[in-house]
Amino acid sequence: MALDKIYNYIGGRLAEPSGGNYLDNINPATGKAYSRVPASDARDIQDAVMAAKQASKAWSQRSVDERSEVLLRIAEGIEARLDDLAEIESIDNGKPLKLAKSVDIPRAAKNFRFYATAILHYGSTSYEMVEQPAINYTLRRPLGVVGCISPWNLPLYLFTWKIAPALAAGNTVVAKPSELTPMSAYRLSEICMEAGLPPGVLNIVHGLGPEVGGAITSHPEVKAISFTGGTKTGAEIARVVAPKFKKLSLELGGKNPNIIFDDAPFDDMMRMTLHSSFANQGQICLCGSRIFIQSGIYDKFKETFVKGAKRLKVGPPADKDTKIGAVVSEAHMNKILSYIHLAEEEGGTILAGGQRVIVPGEYCGGYYIAPTIIEGLQYHCRTNQEEIFGPVVTITPFDTEEEVLEMANSVRYGLSATVWTKDVSRAHRMAARLEAGIVWVNTWLLRDLRTPFGGVKDSGLGREGGFDALDFFTEPKNVCIKY
Ligand code: TXE
(Lines give C-alpha, C1' and ligand atoms only; values in the text may rest on other atoms or scores of the structure.)
Protein backbone atom coordinates (compact mmCIF):
# COMPACT_ATOMS: atom_id res chain seq x y z
CA MET A 1 0.00 0.00 0.00
CA ALA A 2 1.34 3.46 -0.92
CA LEU A 3 2.05 5.57 2.14
CA ASP A 4 0.43 8.98 2.62
CA LYS A 5 2.62 11.86 1.54
CA ILE A 6 3.27 15.08 3.42
CA TYR A 7 4.03 18.26 1.49
CA ASN A 8 5.96 21.43 2.16
CA TYR A 9 3.98 24.67 2.45
CA ILE A 10 5.75 27.41 0.50
CA GLY A 11 4.31 30.67 -0.83
CA GLY A 12 0.79 29.64 0.20
CA ARG A 13 0.86 26.36 -1.73
CA LEU A 14 1.59 22.73 -0.93
CA ALA A 15 4.76 21.68 -2.72
CA GLU A 16 6.86 18.57 -3.31
CA PRO A 17 10.53 18.86 -2.22
CA SER A 18 12.77 20.09 -5.09
CA GLY A 19 14.88 16.95 -5.10
CA GLY A 20 11.81 14.67 -5.06
CA ASN A 21 13.23 12.79 -2.05
CA TYR A 22 11.22 11.53 0.90
CA LEU A 23 11.91 9.97 4.31
CA ASP A 24 9.80 7.32 5.97
CA ASN A 25 7.72 8.55 8.87
CA ILE A 26 7.59 5.81 11.51
CA ASN A 27 4.73 5.18 13.90
CA PRO A 28 6.64 4.54 17.16
CA ALA A 29 3.74 2.55 18.63
CA THR A 30 4.21 -0.14 15.96
CA GLY A 31 7.70 0.50 14.59
CA LYS A 32 6.23 0.63 11.07
CA ALA A 33 6.41 3.38 8.44
CA TYR A 34 3.03 4.97 7.84
CA SER A 35 3.71 8.12 5.82
CA ARG A 36 6.41 9.88 3.85
CA VAL A 37 8.06 13.17 4.78
CA PRO A 38 9.80 15.47 2.28
CA ALA A 39 13.58 15.27 2.55
CA SER A 40 13.89 18.91 1.51
CA ASP A 41 17.16 20.73 0.95
CA ALA A 42 18.67 24.22 0.60
CA ARG A 43 16.70 24.84 -2.63
CA ASP A 44 13.39 24.47 -0.80
CA ILE A 45 14.63 26.80 1.92
CA GLN A 46 15.68 29.32 -0.72
CA ASP A 47 12.15 29.20 -2.20
CA ALA A 48 10.61 29.53 1.26
CA VAL A 49 12.82 32.47 2.23
CA MET A 50 12.05 34.25 -1.06
CA ALA A 51 8.30 33.71 -0.53
CA ALA A 52 8.61 35.00 3.04
CA LYS A 53 10.60 38.02 1.89
CA GLN A 54 8.04 38.88 -0.75
CA ALA A 55 5.20 38.67 1.77
CA SER A 56 7.07 40.59 4.47
CA LYS A 57 6.21 44.21 3.64
CA ALA A 58 2.47 43.72 3.24
CA TRP A 59 2.18 41.57 6.39
CA SER A 60 4.21 43.98 8.53
CA GLN A 61 2.06 46.88 7.34
CA ARG A 62 -1.22 45.22 8.23
CA SER A 63 -2.81 46.70 11.31
CA VAL A 64 -2.44 44.68 14.50
CA ASP A 65 -6.21 44.14 14.42
CA GLU A 66 -5.99 42.50 11.01
CA ARG A 67 -3.08 40.28 12.00
CA SER A 68 -4.89 39.39 15.20
CA GLU A 69 -8.03 38.34 13.31
CA VAL A 70 -6.13 35.98 11.01
CA LEU A 71 -4.34 34.38 13.96
CA LEU A 72 -7.63 33.93 15.80
CA ARG A 73 -9.03 32.15 12.74
CA ILE A 74 -6.03 29.79 12.84
CA ALA A 75 -6.75 29.11 16.54
CA GLU A 76 -10.37 28.32 15.63
CA GLY A 77 -9.18 26.04 12.82
CA ILE A 78 -7.03 24.07 15.29
CA GLU A 79 -9.91 23.82 17.77
CA ALA A 80 -12.28 22.65 15.07
CA ARG A 81 -9.90 19.79 14.24
CA LEU A 82 -9.11 18.81 17.83
CA ASP A 83 -9.92 15.11 17.40
CA ASP A 84 -8.07 14.72 14.12
CA LEU A 85 -4.99 16.63 15.29
CA ALA A 86 -4.85 14.76 18.60
CA GLU A 87 -4.98 11.46 16.76
CA ILE A 88 -2.19 12.30 14.34
CA GLU A 89 -0.04 13.78 17.10
CA SER A 90 -0.43 10.60 19.11
CA ILE A 91 0.41 8.41 16.09
CA ASP A 92 3.43 10.50 15.10
CA ASN A 93 4.92 10.81 18.57
CA GLY A 94 3.70 7.73 20.47
CA LYS A 95 2.13 9.80 23.26
CA PRO A 96 -1.17 8.74 24.81
CA LEU A 97 -4.09 10.03 22.72
CA LYS A 98 -5.68 11.39 25.88
CA LEU A 99 -2.63 13.56 26.54
CA ALA A 100 -2.56 14.89 22.98
CA LYS A 101 -6.24 15.73 23.23
CA SER A 102 -6.12 17.37 26.64
CA VAL A 103 -2.73 19.10 26.47
CA ASP A 104 -0.91 19.31 23.13
CA ILE A 105 -3.63 20.43 20.75
CA PRO A 106 -5.58 22.74 23.09
CA ARG A 107 -2.29 24.44 23.94
CA ALA A 108 -1.42 24.88 20.23
CA ALA A 109 -4.72 26.73 19.74
CA LYS A 110 -4.11 28.70 22.90
CA ASN A 111 -0.69 29.81 21.63
CA PHE A 112 -2.35 31.44 18.61
CA ARG A 113 -5.13 32.94 20.71
CA PHE A 114 -2.69 34.23 23.29
CA TYR A 115 -0.46 36.05 20.79
CA ALA A 116 -3.39 37.17 18.61
CA THR A 117 -4.59 39.12 21.64
CA ALA A 118 -1.22 39.91 23.27
CA ILE A 119 -0.22 41.93 20.22
CA LEU A 120 -3.24 44.19 20.77
CA HIS A 121 -1.77 45.18 24.15
CA TYR A 122 1.89 45.37 23.21
CA GLY A 123 3.28 48.86 23.70
CA SER A 124 6.66 50.48 23.91
CA THR A 125 8.37 52.82 26.32
CA SER A 126 8.99 56.57 26.36
CA TYR A 127 11.34 58.58 28.58
CA GLU A 128 10.99 62.26 29.15
CA MET A 129 14.21 64.08 29.97
CA VAL A 130 14.19 66.75 32.59
CA GLU A 131 17.66 68.26 32.31
CA GLN A 132 17.02 68.98 28.60
CA PRO A 133 13.59 69.55 27.07
CA ALA A 134 13.48 66.26 25.16
CA ILE A 135 11.54 63.05 24.89
CA ASN A 136 12.63 59.58 23.83
CA TYR A 137 10.24 57.01 22.46
CA THR A 138 10.98 53.52 21.26
CA LEU A 139 9.50 52.03 18.12
CA ARG A 140 9.35 48.24 17.88
CA ARG A 141 9.57 46.94 14.34
CA PRO A 142 9.31 43.36 13.06
CA LEU A 143 12.60 41.83 11.97
CA GLY A 144 11.53 40.60 8.51
CA VAL A 145 12.01 36.90 7.79
CA VAL A 146 12.61 34.73 10.86
CA GLY A 147 13.33 31.02 11.33
CA CYS A 148 11.57 28.71 13.81
CA ILE A 149 12.91 25.19 14.43
CA SER A 150 11.13 22.83 16.80
CA PRO A 151 11.52 19.32 18.26
CA TRP A 152 9.43 16.16 18.41
CA ASN A 153 8.36 15.87 22.05
CA LEU A 154 5.47 18.37 21.97
CA PRO A 155 5.25 18.82 18.21
CA LEU A 156 2.41 21.27 17.44
CA TYR A 157 2.54 22.79 20.93
CA LEU A 158 6.15 23.95 20.58
CA PHE A 159 5.95 24.71 16.84
CA THR A 160 3.08 27.17 17.38
CA TRP A 161 4.68 28.60 20.55
CA LYS A 162 7.28 30.14 18.23
CA ILE A 163 5.28 30.80 15.10
CA ALA A 164 2.38 32.63 16.78
CA PRO A 165 4.44 35.45 18.40
CA ALA A 166 6.64 35.76 15.29
CA LEU A 167 3.58 36.29 13.06
CA ALA A 168 1.74 38.47 15.56
CA ALA A 169 4.73 40.82 15.69
CA GLY A 170 4.57 41.23 11.90
CA ASN A 171 7.36 38.91 10.77
CA THR A 172 7.13 36.32 8.06
CA VAL A 173 8.34 32.86 8.98
CA VAL A 174 10.23 29.90 7.59
CA ALA A 175 9.59 27.02 9.97
CA LYS A 176 10.83 23.46 10.32
CA PRO A 177 9.14 20.88 12.51
CA SER A 178 11.02 17.77 13.59
CA GLU A 179 11.35 15.17 10.84
CA LEU A 180 10.20 12.59 13.42
CA THR A 181 6.82 14.28 14.01
CA PRO A 182 5.90 16.32 10.93
CA MET A 183 2.22 15.48 10.54
CA SER A 184 0.56 18.11 12.73
CA ALA A 185 2.69 20.86 11.14
CA TYR A 186 1.50 19.65 7.74
CA ARG A 187 -2.11 19.91 8.93
CA LEU A 188 -1.32 23.40 10.22
CA SER A 189 -0.45 24.44 6.65
CA GLU A 190 -3.95 23.40 5.56
CA ILE A 191 -5.48 25.29 8.49
CA CYS A 192 -3.51 28.43 7.59
CA MET A 193 -4.75 28.28 4.00
CA GLU A 194 -8.34 27.92 5.19
CA ALA A 195 -7.88 30.78 7.66
CA GLY A 196 -6.79 33.15 4.88
CA LEU A 197 -3.20 33.62 6.00
CA PRO A 198 -1.65 35.45 3.01
CA PRO A 199 0.73 33.35 0.86
CA GLY A 200 4.36 33.40 2.03
CA VAL A 201 3.62 34.71 5.53
CA LEU A 202 4.24 31.25 6.99
CA ASN A 203 6.29 28.64 5.14
CA ILE A 204 6.79 25.14 6.50
CA VAL A 205 9.64 23.06 5.13
CA HIS A 206 10.13 19.43 6.18
CA GLY A 207 13.32 17.41 6.34
CA LEU A 208 16.47 16.58 8.25
CA GLY A 209 18.11 18.91 10.75
CA PRO A 210 21.49 19.61 9.15
CA GLU A 211 20.06 19.93 5.59
CA VAL A 212 16.89 21.94 6.26
CA GLY A 213 17.50 23.44 9.71
CA GLY A 214 21.08 24.23 8.71
CA ALA A 215 19.90 25.98 5.52
CA ILE A 216 17.54 28.15 7.60
CA THR A 217 20.12 29.12 10.22
CA SER A 218 22.80 29.98 7.65
CA HIS A 219 20.53 31.89 5.23
CA PRO A 220 21.55 35.58 5.15
CA GLU A 221 17.95 36.80 4.77
CA VAL A 222 16.79 35.05 7.95
CA LYS A 223 17.19 37.64 10.70
CA ALA A 224 16.47 35.61 13.83
CA ILE A 225 16.34 31.98 14.90
CA SER A 226 14.07 30.58 17.57
CA PHE A 227 15.05 27.00 18.38
CA THR A 228 13.90 24.33 20.82
CA GLY A 229 15.75 21.03 20.95
CA GLY A 230 18.87 19.35 22.23
CA THR A 231 21.75 21.32 23.79
CA LYS A 232 24.25 19.92 21.29
CA THR A 233 22.14 21.12 18.35
CA GLY A 234 21.69 24.48 20.10
CA ALA A 235 25.46 24.87 20.34
CA GLU A 236 25.84 24.08 16.63
CA ILE A 237 23.17 26.66 15.74
CA ALA A 238 24.84 29.27 17.97
CA ARG A 239 28.14 28.59 16.17
CA VAL A 240 26.48 29.18 12.78
CA VAL A 241 24.49 32.30 13.62
CA ALA A 242 26.95 34.14 15.91
CA PRO A 243 29.21 35.54 13.16
CA LYS A 244 26.10 36.61 11.24
CA PHE A 245 24.81 38.57 14.28
CA LYS A 246 21.32 37.09 14.10
CA LYS A 247 19.01 37.27 17.07
CA LEU A 248 18.92 33.89 18.76
CA SER A 249 16.55 32.25 21.22
CA LEU A 250 17.47 28.77 22.47
CA GLU A 251 15.31 26.48 24.60
CA LEU A 252 17.47 23.44 25.28
CA GLY A 253 17.71 20.43 27.54
CA GLY A 254 17.18 20.01 31.25
CA LYS A 255 18.06 17.74 34.15
CA ASN A 256 15.61 19.16 36.59
CA PRO A 257 15.61 18.56 40.35
CA ASN A 258 12.38 17.69 42.14
CA ILE A 259 13.08 18.47 45.82
CA ILE A 260 10.76 17.01 48.42
CA PHE A 261 10.98 18.10 52.06
CA ASP A 262 9.61 16.12 55.02
CA ASP A 263 6.70 18.55 55.38
CA ALA A 264 5.54 18.22 51.74
CA PRO A 265 1.78 17.76 51.24
CA PHE A 266 2.32 14.05 50.66
CA ASP A 267 -0.64 12.95 48.54
CA ASP A 268 -0.57 15.96 46.20
CA MET A 269 3.19 15.66 45.93
CA MET A 270 3.00 11.95 45.11
CA ARG A 271 0.32 12.37 42.44
CA MET A 272 2.23 15.20 40.81
CA THR A 273 5.64 13.53 41.12
CA LEU A 274 4.39 10.48 39.23
CA HIS A 275 3.22 12.91 36.56
CA SER A 276 6.36 15.10 36.49
CA SER A 277 8.52 11.97 36.25
CA PHE A 278 6.72 10.03 33.54
CA ALA A 279 4.31 12.30 31.61
CA ASN A 280 4.85 12.04 27.85
CA GLN A 281 7.19 9.09 28.60
CA GLY A 282 9.49 11.53 30.42
CA GLN A 283 10.09 13.40 27.18
CA ILE A 284 9.34 16.91 28.40
CA CYS A 285 12.28 19.21 28.97
CA LEU A 286 10.65 20.20 32.31
CA CYS A 287 10.30 16.67 33.73
CA GLY A 288 11.84 16.28 37.18
CA SER A 289 14.28 13.48 36.50
CA ARG A 290 16.36 13.85 39.68
CA ILE A 291 14.20 13.42 42.76
CA PHE A 292 15.70 14.43 46.12
CA ILE A 293 13.76 13.35 49.21
CA GLN A 294 14.44 14.49 52.77
CA SER A 295 15.48 11.53 54.95
CA GLY A 296 12.46 11.61 57.28
CA ILE A 297 10.05 10.57 54.50
CA TYR A 298 12.46 8.73 52.21
CA ASP A 299 11.22 5.21 52.97
CA LYS A 300 7.54 6.14 52.78
CA PHE A 301 8.17 8.06 49.56
CA LYS A 302 10.08 5.18 47.99
CA GLU A 303 7.45 2.58 48.77
CA THR A 304 4.51 4.66 47.53
CA PHE A 305 6.33 5.97 44.47
CA VAL A 306 7.52 2.54 43.32
CA LYS A 307 4.00 1.13 43.75
CA GLY A 308 2.54 4.07 41.82
CA ALA A 309 5.02 3.74 38.96
CA LYS A 310 4.38 0.00 38.63
CA ARG A 311 0.66 0.72 38.31
CA LEU A 312 1.11 3.09 35.32
CA LYS A 313 -0.11 1.16 32.32
CA VAL A 314 2.33 0.96 29.41
CA GLY A 315 0.48 0.34 26.17
CA PRO A 316 -0.84 1.47 22.79
CA PRO A 317 -1.26 5.27 22.74
CA ALA A 318 -4.88 5.09 21.59
CA ASP A 319 -6.02 2.88 24.51
CA LYS A 320 -7.94 4.89 27.05
CA ASP A 321 -6.17 3.29 30.05
CA THR A 322 -2.67 3.87 28.69
CA LYS A 323 -0.57 6.17 30.83
CA ILE A 324 2.79 5.50 29.18
CA GLY A 325 2.87 5.28 25.38
CA ALA A 326 5.84 4.69 23.10
CA VAL A 327 9.01 6.79 23.08
CA VAL A 328 9.56 8.67 19.86
CA SER A 329 11.97 6.46 17.91
CA GLU A 330 14.03 3.30 18.00
CA ALA A 331 17.24 5.34 18.27
CA HIS A 332 15.82 7.27 21.20
CA MET A 333 14.64 4.07 22.89
CA ASN A 334 18.14 2.64 22.58
CA LYS A 335 19.63 5.82 24.00
CA ILE A 336 17.33 5.59 27.04
CA LEU A 337 18.08 1.89 27.54
CA SER A 338 21.80 2.57 27.33
CA TYR A 339 21.43 5.07 30.20
CA ILE A 340 19.64 2.44 32.27
CA HIS A 341 22.58 0.08 31.71
CA LEU A 342 24.97 2.88 32.61
CA ALA A 343 23.06 3.48 35.85
CA GLU A 344 23.57 -0.19 36.77
CA GLU A 345 27.27 0.05 35.95
CA GLU A 346 27.49 3.13 38.13
CA GLY A 347 26.12 1.14 41.06
CA GLY A 348 22.43 2.04 40.88
CA THR A 349 19.64 -0.30 41.93
CA ILE A 350 16.59 -0.51 39.66
CA LEU A 351 13.48 -0.36 41.85
CA ALA A 352 10.93 -0.34 39.01
CA GLY A 353 11.02 -0.82 35.25
CA GLY A 354 14.48 -0.92 33.75
CA GLN A 355 13.58 -2.58 30.49
CA ARG A 356 11.78 -2.42 27.15
CA VAL A 357 8.17 -3.55 27.21
CA ILE A 358 6.85 -5.69 24.36
CA VAL A 359 3.18 -4.89 23.80
CA PRO A 360 1.57 -7.90 22.10
CA GLY A 361 -0.12 -7.98 18.70
CA GLU A 362 0.36 -5.28 16.08
CA TYR A 363 2.30 -3.19 18.62
CA CYS A 364 5.05 -5.74 19.24
CA GLY A 365 7.57 -3.71 17.21
CA GLY A 366 6.82 -0.48 19.12
CA TYR A 367 9.25 1.41 21.33
CA TYR A 368 7.93 1.04 24.87
CA ILE A 369 9.92 1.44 28.08
CA ALA A 370 8.58 0.72 31.57
CA PRO A 371 8.66 3.67 34.02
CA THR A 372 12.03 3.28 35.66
CA ILE A 373 13.17 4.30 39.14
CA ILE A 374 16.81 4.06 40.17
CA GLU A 375 18.27 4.46 43.64
CA GLY A 376 21.72 4.43 45.17
CA LEU A 377 23.60 6.66 42.74
CA GLN A 378 26.04 9.47 43.56
CA TYR A 379 24.67 12.84 42.52
CA HIS A 380 27.68 13.58 40.31
CA CYS A 381 27.61 10.34 38.28
CA ARG A 382 26.75 10.51 34.58
CA THR A 383 23.24 9.12 35.04
CA ASN A 384 22.54 12.05 37.36
CA GLN A 385 24.28 14.65 35.22
CA GLU A 386 23.23 13.92 31.62
CA GLU A 387 19.81 14.41 30.05
CA ILE A 388 18.16 11.02 29.43
CA PHE A 389 14.80 12.37 28.21
CA GLY A 390 12.82 9.24 28.88
CA PRO A 391 10.72 7.58 31.61
CA VAL A 392 13.70 7.28 33.94
CA VAL A 393 14.22 8.99 37.30
CA THR A 394 16.68 8.67 40.15
CA ILE A 395 15.83 9.03 43.83
CA THR A 396 18.36 10.37 46.35
CA PRO A 397 17.96 11.15 50.07
CA PHE A 398 19.16 14.39 51.67
CA ASP A 399 19.15 16.02 55.12
CA THR A 400 19.73 19.76 54.81
CA GLU A 401 18.87 22.61 52.46
CA GLU A 402 22.58 23.26 51.84
CA GLU A 403 23.20 19.65 50.89
CA VAL A 404 20.29 19.43 48.44
CA LEU A 405 21.12 22.78 46.86
CA GLU A 406 24.63 21.60 46.14
CA MET A 407 23.32 18.44 44.48
CA ALA A 408 20.50 20.22 42.62
CA ASN A 409 22.79 22.91 41.21
CA SER A 410 25.63 20.53 40.30
CA VAL A 411 24.48 19.93 36.69
CA ARG A 412 25.30 21.92 33.54
CA TYR A 413 21.59 22.48 32.98
CA GLY A 414 19.29 25.02 34.61
CA LEU A 415 15.82 24.85 33.10
CA SER A 416 13.34 24.21 35.90
CA ALA A 417 13.15 23.01 39.50
CA THR A 418 10.33 21.88 41.76
CA VAL A 419 10.20 22.27 45.54
CA TRP A 420 7.67 20.58 47.84
CA THR A 421 7.29 22.11 51.30
CA LYS A 422 4.66 23.78 53.47
CA ASP A 423 7.27 26.15 54.92
CA VAL A 424 6.87 29.46 53.04
CA SER A 425 10.21 30.88 54.13
CA ARG A 426 12.01 27.76 53.01
CA ALA A 427 10.21 27.88 49.65
CA HIS A 428 11.46 31.44 49.10
CA ARG A 429 15.00 30.58 50.21
CA MET A 430 15.16 27.61 47.86
CA ALA A 431 13.59 29.47 44.92
CA ALA A 432 16.16 32.23 45.25
CA ARG A 433 19.14 29.86 45.30
CA LEU A 434 18.17 27.23 42.73
CA GLU A 435 19.96 27.71 39.41
CA ALA A 436 16.94 27.51 37.10
CA GLY A 437 14.85 29.72 34.84
CA ILE A 438 11.59 28.42 36.32
CA VAL A 439 10.86 27.24 39.87
CA TRP A 440 7.60 25.55 40.85
CA VAL A 441 6.61 25.27 44.50
CA ASN A 442 4.04 22.57 45.41
CA THR A 443 3.09 22.10 41.76
CA TRP A 444 4.60 21.32 38.37
CA LEU A 445 4.04 22.52 34.81
CA LEU A 446 1.48 25.08 35.91
CA ARG A 447 1.91 27.57 33.09
CA ASP A 448 0.76 31.14 32.77
CA LEU A 449 1.64 32.14 29.20
CA ARG A 450 2.41 35.71 30.29
CA THR A 451 5.47 34.62 32.29
CA PRO A 452 9.07 34.37 31.00
CA PHE A 453 9.94 30.82 30.00
CA GLY A 454 13.49 29.57 29.51
CA GLY A 455 16.62 28.30 31.17
CA VAL A 456 20.02 29.30 32.51
CA LYS A 457 23.41 27.62 31.98
CA ASP A 458 23.32 25.01 29.16
CA SER A 459 19.50 25.02 29.12
CA GLY A 460 19.37 27.96 26.80
CA LEU A 461 19.50 31.59 25.94
CA GLY A 462 16.73 34.18 26.17
CA ARG A 463 13.12 33.82 27.23
CA GLU A 464 9.93 32.89 25.43
CA GLY A 465 6.41 33.65 26.63
CA GLY A 466 4.44 36.83 27.23
CA PHE A 467 5.87 40.05 25.88
CA ASP A 468 9.38 38.54 26.04
CA ALA A 469 8.67 36.66 22.82
CA LEU A 470 7.29 39.81 21.17
CA ASP A 471 10.45 41.66 22.28
CA PHE A 472 12.54 38.90 20.72
CA PHE A 473 10.69 39.05 17.41
CA THR A 474 10.96 42.86 17.14
CA GLU A 475 13.84 45.32 17.00
CA PRO A 476 13.68 48.43 19.18
CA LYS A 477 14.52 51.78 17.65
CA ASN A 478 14.86 54.75 19.96
CA VAL A 479 13.85 58.20 18.72
CA CYS A 480 15.04 61.23 20.71
CA ILE A 481 13.33 64.59 20.05
CA LYS A 482 14.50 67.85 21.55
CA TYR A 483 11.82 70.46 21.82
O1 TXE B 1 16.94 16.81 18.92
P2 TXE B 1 17.54 17.87 17.94
P3 TXE B 1 17.15 15.24 18.89
C4 TXE B 1 17.12 16.63 23.85
C5 TXE B 1 16.95 15.22 24.37
C6 TXE B 1 17.22 14.40 23.17
C7 TXE B 1 18.33 15.20 22.53
C8 TXE B 1 18.50 14.98 21.06
O9 TXE B 1 17.92 14.95 25.33
O10 TXE B 1 17.63 13.11 23.48
O11 TXE B 1 17.96 16.53 22.74
O12 TXE B 1 17.25 14.99 20.44
C13 TXE B 1 16.61 20.19 14.13
N14 TXE B 1 20.61 22.94 12.40
N15 TXE B 1 15.87 17.26 23.45
O16 TXE B 1 18.44 14.85 18.28
O17 TXE B 1 18.45 17.24 16.95
C18 TXE B 1 15.89 18.86 14.07
O19 TXE B 1 15.63 18.48 12.75
C20 TXE B 1 19.33 23.29 12.57
C21 TXE B 1 15.38 18.26 24.35
O22 TXE B 1 15.98 14.61 18.35
O23 TXE B 1 18.03 18.99 18.74
C24 TXE B 1 14.64 19.18 14.88
O25 TXE B 1 13.71 19.90 14.07
N26 TXE B 1 18.38 22.45 13.02
C27 TXE B 1 14.27 18.99 23.81
C28 TXE B 1 15.19 20.10 15.97
O29 TXE B 1 16.42 20.61 15.46
C30 TXE B 1 18.74 21.21 13.36
C31 TXE B 1 13.41 18.45 22.78
C32 TXE B 1 15.44 19.41 17.30
O33 TXE B 1 16.22 18.27 17.11
C34 TXE B 1 20.07 20.78 13.23
C35 TXE B 1 14.06 17.48 21.94
C36 TXE B 1 21.03 21.70 12.72
N37 TXE B 1 22.33 21.40 12.57
C38 TXE B 1 15.23 16.92 22.31
N39 TXE B 1 20.15 19.50 13.65
C40 TXE B 1 13.63 20.05 24.62
N41 TXE B 1 14.41 21.00 25.12
O42 TXE B 1 12.43 20.08 24.78
C43 TXE B 1 18.92 19.13 14.04
N44 TXE B 1 18.05 20.16 13.84
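**View 1. The ligand sits in the largest pocket of this predicted model.** A pocket is an open set of points on a 1 Å grid over the protein atoms alone, where a 1.4 Å probe fits, with protein on both sides within 12 Å along at least five of seven lines. Sitting in one requires more than half of the molecule's atoms within 2 Å of its grid points. Residues are numbered from 1 along each chain as its sequence is written. Local features need pLDDT of at least 70 and side-chain atom pairs 80 or more, while totals for chains, interfaces and linings use all residues, and side-chain values use heavy atoms, without hydrogens or water.

**View 2. Helices and a strand supply the shell around the ligand.** Helix 7 (209-218), strand 11 (222-228), helix 8 (231-241) and helix 11 (330-345) each give two or more residues. Helix 7 gives the most, with four. Helices (H or I, at least four residues) and strands (E, at least two) are DSSP runs, numbered from the N terminus.

**View 3. Trp152, Glu179, Thr233, Lys335 and Glu387 come nearest to the ligand.** They belong to the 28 residues around it, each with a heavy atom within 4 Å. The shell holds 10 nonpolar, 12 polar and six charged residues.

**View 4. Ligand oxygen atoms pair with polar protein atoms.** An N or O atom in the tryptophan 152 side chain is 2.6 Å from a ligand oxygen. For the threonine 233 side chain, the distance is 2.8 Å. A polar backbone atom of serine 150 also lies 2.8 Å from a ligand oxygen. Polar contacts are pairs of N or O atoms within 3.5 Å. The protein covers 85% of the 810 Å² of accessible area that the ligand has on its own (Shrake-Rupley method, 1.4 Å probe).

Methods:
Polar contact = N/O pair within 3.5 Å; in protein donor to acceptor, adjacent residues only side chain to side chain. 1 Å grid on protein atoms, 1.4 Å probe; cavity = no way out; pocket = protein on both sides within 12 Å on 5 of 7 lines; lining within 4 Å. Nonpolar A, V, L, I, M, F, W, Y, C, P; charged D, E, K, R; others polar.
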